[in-house]
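Here's a quick briefing to read with the model open. Keep the viewer handy.

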Amino acid sequence: MFFFILFSVTSVVAAFLVITRRAPLYSALFLAVTLCAQAGLFTLLGAVFVGVIQILIYAGAILILFLFVIMSLERTESRWVLRNPVVKAISGITVGVLVVQMLYALWRSDSAAEPLILTGGPRGEDHIAVLGKELFTRYLVPFEIGSILLLVAVLGAVVLAYKRGK
Amino acid sequence: MINVGPFIAVGIILFGVGLAGVLFWHNILIMLMSIEIMLNGINLIFVAYAAYWQQVSGQIFVLFVMLVTAAEVAIALAITILIFRHKGNLDLSLFDRLRK
C-alpha cells in the first residue's frame, strides 16, 4: 500500500509538472520521473517484464531521443544547474545511496541459493515464460509486423530529417 | 488478489493530465510528451486489467503500444526538426499551411 501511494503520487505529480513547465527540457526530465514511477506501478501489478521494458524503452531510448531533439532545437539555460552546489550535493547523495543500496542487496542476498523464479504472475506460472510463449505463438504475426513497422519508422525518420542539397 | 481499482484510477488521471497538456499547449515538444503520458495511462489500465483477469494478453498489448510509440516518436521528432527548420519555431499555431 505504501509503495502504491508512493508510485502513484510521484507519477501523477511528475506528469502534472511535465505539462506545466515552460521549458521542454524540464518537461522531459519530469517525464523520466513519471515513467519510472509507472514502471514501479507495473511491478506492483505483477508485470515485472513490462516494468523493466518500460524503463529500458521509454525512460531509456525514447526519452534520450526527446532530449537530443530538445537540446538541438531549444536554447535552454542549463549551465546554472552544473554550478549550483545544492544540485551537486543532491546528485552526490543520490549516487551514494544508490551504490550503498546495491551493495547492501548483494550482501544480504545468498549467492549460493537457487535461482529465483518469479511466480505470482498470471495463473501462478513463471511470468516471463508465459509472456514469451504467448508473444511467440499467438501474437507472432503482430510481433513481426511490429518489427517491420519499427524498421520503416527508422528509415522514415532518417529520410525526413536528412538535410538535402548540402 | 490485489485491488486493481486504484491503479485504473491513476491511469485515468494520467490520461486526463496528458490530454490537458495536448489541449493547453502549442509547443509541439510538450504536446508529444503529453501524448506519451496519455499512452502511459492507457498502458497502466491495460496492465491493471491483465492482473484483474489473470490474463497475459493485456501485458502483450502494452508491449505493442510501446512498439508503436517508439515508431511514432521517431517520426514525430523528425517532423519536429523539419517544422523547426521551416519556421524557426516550435509553436504549432504558426504552422498553418503545408506549402511555403
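What follows covers confidence, domains and one helix.

This is a predicted model, where local features need pLDDT of at least 70, side-chain atom pairs count only at pLDDT 80 or more, and totals for chains, interfaces and linings use all residues. Residues are numbered from 1 along each chain as its sequence is written, while chains are lettered from A and ligands numbered from 1 in the order in which they are written.

**Confidence**
- Chain A averages a pLDDT (the predictor's confidence in each residue, from 0 to 100) of 81, with 83% of the residues at 70 or above.
- Helix H7 (residues 140-161) of chain A does best in that chain, at a mean of 89, and helix H4 (residues 79-83) of chain A scores lowest, at 61.
- Helices here are DSSP runs of H or I, at least four residues, numbered from the N terminus.
- Where pLDDT is low, don't read the predicted coordinates in detail.

**Domains**
- An automatic or database assignment splits chain A into domain 1 (1-76), domain 2 (82-110) and domain 3 (123-166).
- The C-alpha centres of domains 1 and 3 of chain A sit 21 Å apart.

**Helix H1 of chain A (residues 2-20)**
- Its buried residues (20 or more other C-beta atoms within 10 Å of their own, C-beta atoms being placed from the backbone) include Phe7(A), Ser11(A), Ala15(A) and Val18(A).
- The buried residues lie on the same side of H1(A) because they cover an arc of only 165° around the axis, going by directions from the helix axis to the C-beta atoms.
- Facing away from that side are Phe2(A), Ile5(A) and Val9(A), which are exposed (12 or fewer such atoms).

Methods: Helix = DSSP H or I, 4+ residues; strand = E, 2+ residues; numbered from the N terminus.
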